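These are my notebook entries on a single chain, set down in the sequence in which I looked things up. I begin with the structure itself and then turn to what I read from it.

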Amino acid sequence: MKVLLLKDPKDKDTGPDPYIKELGLYGLEATLIPVLSFEFLSLESLFEKLSHPECYGGLVFTSPRALEAIKICLKENSKKEAWSKSLQQMWNIKPTYVVGKATASLVEEIGLTPQGEKCGNAEKLAEYICSSIPLESLTVYQTTQHPDLQESLSSYFSQQGIPASIVFFSPSGVKFCLQHIQKLSGDVINHVKFAAIGPTTAEALEAAGIPVSCTAGSPTPQDLAVGIHKALHPQNCSLPK
């Protein structure tokens, strides 16, 4: 059975995408189609704030893209030197919060120690941090539709047909993809099992009138694969050996 994953491939070049690998353990043939493009913003402001850890009680990273913004900043030799000589150590005595495991692994790559990665979504992370702590936010990227999205979707549906399940990984994915998918699927869309990586994405699907067959218990390949397997095989929910 085929599963369409509306997400970017994993950032690292080594090995297969973990979602494709995990779904494959259940005999599901998964395909990735990138949905979003990212334009990085306010990078000078970002590094200016990073240069003054004494002004803040900690860091909160809401997605892997936020770490990408920092890595872009650190490509400049002078900023990389400042980070390695003093800033990294100064930030490391303060808490660094993340919303998921993927973000946590990238935080470790820049030399910081993440916490809160098991929360899985922003609401639970906020409870973990405690809402009485004052926060300062900075937007460092914006999302737009991937330039090849419509063509990629059309190509997938024409070559592979209607997938058994379609997985959305963000409300933006719902915004950019759903209309195209509805046109390409026609009446058969009622037989597709729609899945969401988390509750916010599930809410976006439901608001668009799409029934959600499963929401991953946490945003991991393992939990998503279990949920899709149960949705596609409600009478046979045994785990793979």
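Before anything else I fixed the terms of exposure: I call a residue buried under 20% relative accessible area, exposed over 50%, and partly exposed in between. I also noted that the model is predicted, and I kept that in mind for each entry below.

**Entry: salt bridges**

I started with Glu76, which at 39% relative accessibility falls in the partly exposed class. Its side chain meets that of Lys79 in a salt bridge, with 3.6 Å from N to O. Lys79, in contrast to a partly exposed residue, is buried, its relative accessible area being 9%.

I then asked how many salt bridges the rule gives in total. The count comes to 8. I also looked for salt bridges that share partners, and found that Asp8, Arg65 and Glu68 are joined by them into one network.

Next I went to Lys7 and Asp17, whose side chains form a salt bridge at 3.1 Å, N to O. The two residues both lie in the loop between β1 (2–6) and α1 (18–24), and they are 10 residues apart. I wanted to know whether Lys7 should be called buried or exposed. At 12% relative accessibility Lys7 counts as buried, because the limit for that class is under 20%. Asp17 is likewise buried, with a relative accessible area of 7%.

The last pair I looked up was Glu136 with Lys49, where the closest N and O atoms of the salt bridge are 2.5 Å apart. This pair links distant parts of the chain, since Glu136 sits in the loop between α6 (122–129) and β7 (141–145) while Lys49 belongs to helix α2 (residues 43–50), 87 residues away. Lys49 counts as partly exposed, at 28% relative accessibility.

**Entry: the loop between α6 and β7, again**

I stayed with this loop for Ile133, which also lies between α6 and β7. Which residues make up the nonpolar surface patch of about 270 Å²? I found Val60, Ile133 and Leu135 there. Ile133 is partly exposed, with a relative accessible area of 38%, so it passes the patch requirement of over 30%.

**Entry: the sheet of three strands**

I traced an open sheet of 3 strands in the order β4-β5-β6, with parallel pairing. Its edge strands are β4 (59–61) and β6 (114–115), each of which pairs on one side only. Between β4 and strand β5 (residues 96–98) I found parallel pairing over 3 bridges, and within it Leu59 stands opposite Thr96 in β5.

Two helices were worth noting against this sheet. Helix α5 (residues 101–109) lies across β4, β5 and β6 and runs at about 150 degrees to β5. I then checked α6, which packs on the sheet and touches β4, β5 and β6, its direction making about 155 degrees with that of β5.

I returned to Thr96, in strand β5, to see what surrounds it. Its relative accessible area is 0%, and Thr96 is therefore buried. Leaving out residues up to four places away in sequence, I recorded contacts of Thr96 with Leu59, Phe61, Val107, Leu112, Thr113, Pro114 and Gln115.

**Entry: the sheet of five strands**

The other sheet I looked up is an open one of 5 strands, in the order β2-β1-β8-β9-β10 and with parallel pairing. β2 (29–32) and β10 (214–215) stand at its edges with a single partner strand each, so one side of each has no neighbour in the sheet. β1 pairs with strand β8 (residues 165–168) in the parallel sense over 4 bridges, and in this pairing Leu4 stands opposite Ile166 in β8.

Helix α7 (residues 149–160) packs on this sheet, where it touches β1, β2 and β8, and its direction makes about 180 degrees with that of β1. I noted in addition that helix α8 (residues 171–185) lies across β1 and β8, running at about 155 degrees to β8.

**Entry: a backbone angle**

My last item was Ser42, which has a positive phi of about 50 degrees although it is not a glycine. I placed Ser42 in the loop between β3 (36–40) and α2, and found it partly exposed, with a relative accessible area of 36%.

Definitions and conventions
Residues are numbered from 1 along each chain as its sequence is written. This is a predicted model: local features need pLDDT of at least 70, side-chain atom pairs count only at pLDDT 80 or more; totals for chains, interfaces and linings use all residues. Side-chain values use heavy atoms; hydrogens and water are left out. A salt bridge is a side-chain nitrogen of Lys or Arg within 4 Å of a carboxyl oxygen of Asp or Glu. Buried means under 20% relative accessible area, exposed over 50%, partly exposed in between (1.4 Å probe, protein chains only). Patches are made of residues with over 30% relative accessible area and no salt bridge: like charges are joined within 9 Å, nonpolar side chains (Val, Leu, Ile, Met, Phe, Trp, Tyr) within 5 Å. Accessible areas come from the Shrake-Rupley method with a 1.4 Å probe; for residues, only the protein chains shown count as cover. Two strands pair if DSSP finds at least two bridges between them. Contact means heavy atoms within 4.5 Å. Axes are lines fitted to C-alpha atoms, for helices over the stretch in contact, and angles run from 0 to 180 degrees between N-to-C directions.
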